[in-house]
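Me: I have a chain open here and would like to go through it piece by piece. Can we start with single residues and then zoom out?

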Amino acid sequence: MNITTPDKKFIKELSKSSGASLKQCMQCGTCSAICSLSPVDKPFPRKEMIWAAWGLKDKLFGNPDVWLCHQCGDCTAGCPRGVKPGDVLSSIRNMSYQHYARPKFLGKLLSKSAYLPVVLLFPIISILTIIYFFGNLNSQTDIINYSEFFPHAWLNGTFGILVLFILIGIIFSVKAFWKDMTKSIPPGENKTGILKSIISTLKEILLHKNFTQCTENKIRYYSHLFVFWGFISLLMVTLLAILSIILGQYPLNLWNPIKILGNLASLALFVGLGIMLIKRISGKEKDGRSNYYDWVFLIFLFMLTLSGVGLEAGRFLNWTFAYYIYVFHLVCVWIIILYAPYTKFGHIIYRTIAMVYSKHIGRT
């Protein structure tokens with residue numbers, strides 16, 4: 001006889017973060033029937049809702065279906081008892097960041113607003129320390145020169161080391177996640193090759209194909225598409241800028257193709273983030289419940305974009321306070337990039353892995 005022991009602490013935490021009355025779910029299956037992304041075999045989110053009500057967190061954390069959900073709001077809109085299945089799955093994803101965090105303490109630090117001062121202090125102290133010993137806190141040049149204020153060699157070197165540290169953590173996190181998925185839904189006979197699964201997943205992500213199937217909140221497709229491509233483009237611009245520094249062709253003029261791409265990417269991010277922020281501030285039911293993970297990610301990504309534009313303007317207009325903007329921008333970069341696996345940004349990692357695994361085992 002199998003005995004189920006509910007995790008009451010997990011149930012309480014999930015109910016609070018999702019704002020859903022889990023015990024109100026009557027297992028009617030409307031949510032699974034409405035969802036256009038749900039697989040035919042053992043569809044979601046019906047089974048996830050009963051597991052959530054029972055407090056079976058081990059079944060939920062290692063479940064790839066939790067990540068196949070794109071929180072379009074269709075299931076929440078169709079729920080006859082207002083249980084908000086989409087918000088429940090969103091909260092489970094947020095809790096997964098902490099569950100799979102490697103190292104664990106970073107997952108805990110990024111999980112609550114009370115720890116935000118500590119989260120901010122690390123990049124602030126690190127950046128100011130490097131500037132103090134190797135840069136110039138009192139740059140008095142007539143022309144704004146960020147490389148003199150914070151030498152690019154130290155900027156790229158220290159950032160590269162920290163990125164490597166985070167990548168190692170991501171590898172261990174993904175390994176644990178993949179292992180749990182194989183336990184949750186073991187591979188069957190109808191398997192697809194990993195490479196083919198990866199290529200298929202990347203196509204869907206690059207085109208945001210799954211978002212087009214949402215009916216309740218279609219604008220999510222455009223907001224996510226703008227943010228995704230805007231951010232990817234800025235990463236490309238950053239890499240090209242580093243290459244320009246190495247080749248001795250930096251700084252770039254305003255009409256340089258790299259600068260033009262960067263400005264277009266910033267515009268795309270402003271549009272996408274603007275839509276997201278307005279929708280969340282409006283507090284409409286179908287837009288989903290906003291929590292700490294949502295706001296930290298959106299606000300810092302917005303400030304990263306805004307300060308990046310400020311840096312460009314500061315250099316070309318020779319603002320005396322441009323160096324302060326530079327420090328603020330670097331802090332935002334560290335928070336967005338280095339803390340990525342432990343914040344809302346982590347869904348890019350886990351959702352991609354879950355989609356690859358689902359395609360690999362033929363679960364579509």
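Me: Is glutamate 312 buried or exposed?
Reply: This is a predicted model, and in it glutamate 312 is buried, because its relative accessible area is 13% and the cut-off for buried is under 20%.

Me: Where does glutamate 312 sit, and what does it touch?
Reply: Glutamate 312 is in helix H15, residues 292-317. Not counting residues up to four places away in sequence, glutamate 312 touches Leu254, Lys259 and Asn263.

Me: And how far is glutamate 312 from lysine 112?
Reply: Their C-alpha atoms are separated by 33 Å, and the two residues are 200 residues apart along the chain.

Me: Lysine 259 came up there. How far is it from leucine 240?
Reply: C-alpha to C-alpha, leucine 240 and lysine 259 are 10.0 Å apart in space, with their positions 19 residues apart in sequence. Leucine 240 lies in helix H13, residues 219-246. At 34% relative accessibility, leucine 240 counts as partly exposed.

Me: What comes after H13?
Reply: A loop runs between H13 and helix H14 (257-282), and tyrosine 250 has its place there.

Me: Which residues is tyrosine 250 in contact with?
Reply: Leaving aside neighbours within four places in sequence, tyrosine 250 is in contact with His152, Ala241, Ser244 and Ile245. Tyrosine 250 has a relative accessible area of 33%, so it is partly exposed. From tyrosine 342, which is 92 residues away along the chain, tyrosine 250 is separated by 33 Å between C-alpha atoms.

Me: Change of topic: cysteines. How many disulfides are there?
Reply: The structure holds zero disulfides.

Me: Why no bond for cysteine 28?
Reply: Because the closest cysteine sulfur, in cysteine 79, is 6.2 Å from the sulfur of cysteine 28, which is too far for a bond. A disulfide needs the two sulfur atoms within 2.5 Å.

Me: What about cysteine 35?
Reply: Its closest cysteine sulfur is in cysteine 72, at 6.2 Å, and this is too far for a bond. As for accessibility, cysteine 35 counts as buried at 18%, whereas cysteine 28 counts as partly exposed at 41%.

Me: Now the backbone. Where are the cis peptide bonds you can point me to?
Reply: One joins phenylalanine 44 and proline 45, with omega about 5°. Proline 45 is in the loop between helix H2 (30-34) and H3. Another runs from arginine 102 to proline 103, with omega near 0°. Proline 103 is in the loop between H7 and helix H8 (104-109).

Me: Why point these out?
Reply: Most peptide bonds are trans, and most residues other than glycine have a negative phi.

Me: Which residues other than glycine have a positive phi, then?
Reply: Histidine 208 is one of them, with phi near 55°. Asparagine 318 also has a positive phi, of about 60°. Histidine 208 is in the loop between helix H12 (194-207) and H13, and asparagine 318 is in the loop between H15 and helix H16 (322-338).

Me: Are those two buried or partly exposed?
Reply: Histidine 208 is buried, with a relative accessible area of 8%. Asparagine 318 counts as partly exposed, at 33%.

Me: Back to H3. Which of its residues are buried?
Reply: In helix H3, residues 46-54, the buried ones are Lys47, Glu48, Met49, Trp51, Ala52 and Ala53.

Me: What covers them?
Reply: The cover includes helix H1 (8-18), helix H4 (57-61), helix H5 (65-68) and helix H7 (85-99). After H3 comes glycine 55, whose phi is positive, near 75°.

Me: Zooming out: how many helices and strands does the chain have?
Reply: It has 17 helices and zero strands.

Me: What about its overall dimensions?
Reply: The C-alpha trace spans about 75 × 45 × 35 Å along its principal axes. The radius of gyration is 22 Å, which agrees with the value near 21 Å for a compact globule of 364 residues.

Me: How much of the chain is buried?
Reply: Of the 364 residues, 49% count as buried. The accessible surface comes to about 18,700 Å², and 67% of that belongs to carbon and sulfur atoms.

Me: Last one: what about the charges?
Reply: The chain has 37 positive and 18 negative charges, and their mean positions are 5 Å apart.

Note on methods
Residues numbered from 1 in each chain as written. Predicted model: local features only at pLDDT ≥ 70, side-chain atom pairs only at ≥ 80, totals over all residues. Heavy atoms only, no water. Helix = DSSP H or I, 4+ residues; strand = E, 2+ residues; numbered from the N terminus. Rg over C-alpha atoms; globule rule 2.2 N^0.38 Å. Buried < 20%, exposed > 50% of the residue type's maximum accessible area, 1.4 Å probe, protein only. Areas by Shrake-Rupley, 256 points an atom, 1.4 Å probe, with all protein chains shown as cover. Lys, Arg positive; Asp, Glu negative; His and termini not counted. Charge placed at Lys NZ, Arg CZ, Asp CG, Glu CD. Contact = heavy atoms within 4.5 Å.
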